[in-house]
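Work through the exercises below with the sequence and the 3D structure at hand, and try each task before reading its solution.

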Amino acid sequence: DETACLRGLPRALLSPGTRELLEALDPSAEVPVLVAGEDGEVQPLLSRLPGARRVRGADVLEGMSGPPWRASTFRALTLRGAALRWGWPVLVVDAGPEVLLTAGSPAGVFAGGSVLPGLSAQLAALHAHTDLLPRVPIPDNLPDAFVTSTADAIQSGVVRTALAGLRAVTSPWQREHPGGRVVLAGPEARATPGLL
């Protein structure tokens with residue numbers, strides 16, 4: 001069977017990040033379509049994309065030793081991709097509605113991880129589970145610690161608490177792996193650098 005290639009797919013099916021990646025690659029490069037996800041999500045995609053291949057976390061980390069892979073295929077892909085780009089050891093911080101931290105050791109071994117609530121999830125929870133707090137966006141910059149408006153106070157509290165949580169998880173890893181890279185990825189990563 002011929003492997004499906006991303007270049008052959010309609011642009012509307014590709015995420016902005018995937019389109020950006022394809023534009024940066026050699027135009028003659030064939031990029032295979034690999035589908036990762038839960039069974040219910042993957043089967044419809046595979047039936048619509050002849051030649052696409054399913055990938056699982058164990059496939060991505062094939063040949064690696066360490067504890068059994070029990071995390072999602074997505075986390076395996078981000079860990080392997082970060083290690084290919086920046087080397088081992090690496091800690092991937094995937095910032096989204098949930099912040100997924102996935103670590104790889106100097107020997108190229110999956111070393112575990114953590115899951116924290118993301119900025120958008122925390123902001124949405126405060127709005128949804130309180131009577132009067134407004135919905136506010138993720139701020140572009142680190143808010144002052146003490147502010148006078150409710151919206152600014154929500155942003156300040158959520159961002160500062162999230163950063164403290166990230167530091168509490170990443171600092172021990174950085175002490176153990178002083179030459180290791182911490183890689184920031186994910187849908188909320190573009191908002192995060194201004195906050196760090």
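**Exercise 1.** Find the bridge partner of Val90 in β6, and then describe how β3 and β6 pair.

*Solution.* Start at Val90, whose bridge partner in β6 is Arg181. Next, follow strand β3, residues 90-95, which pairs with β6 in the parallel sense over five bridges; two strands pair if DSSP finds at least two bridges between them. This is a predicted model, in which local features need pLDDT of at least 70, side-chain atom pairs count only at pLDDT 80 or more, and totals for chains, interfaces and linings use all residues. Residues are numbered from 1 along each chain as its sequence is written, and side-chain values use heavy atoms, with hydrogens and water left out.

**Exercise 2.** Place these strands in their sheet and name its edge strands.

*Solution.* The open sheet has four strands in the order β5-β4-β3-β6, with mixed pairing. Its edges are β5 (110-117) and β6 (181-185), each of which pairs on one side only. Finally, α6 lies across β3, β4 (98-104), β5 and β6.

**Exercise 3.** Determine which helix gives the most to the largest nonpolar core.

*Solution.* List the eight residues: Leu119, Leu123, Val136, Ile154, Val158, Val159, Ala162 and Leu163. Such a core is a set of buried Ala, Val, Leu, Ile, Met, Phe, Trp, Tyr and Cys residues joined through side-chain atoms within 4.5 Å, where buried means under 20% relative accessible area (1.4 Å probe, protein chains only). Both α5 (119-128) and α6 (150-176) supply at least two residues of this core, and α6 gives the most, with five residues.

Definitions and conventions. Buried < 20%, exposed > 50% of the residue type's maximum accessible area, 1.4 Å probe, protein only. Contact = heavy atoms within 4.5 Å. Axes fitted to C-alpha atoms, helices over the stretch in contact; angles between N-to-C directions.
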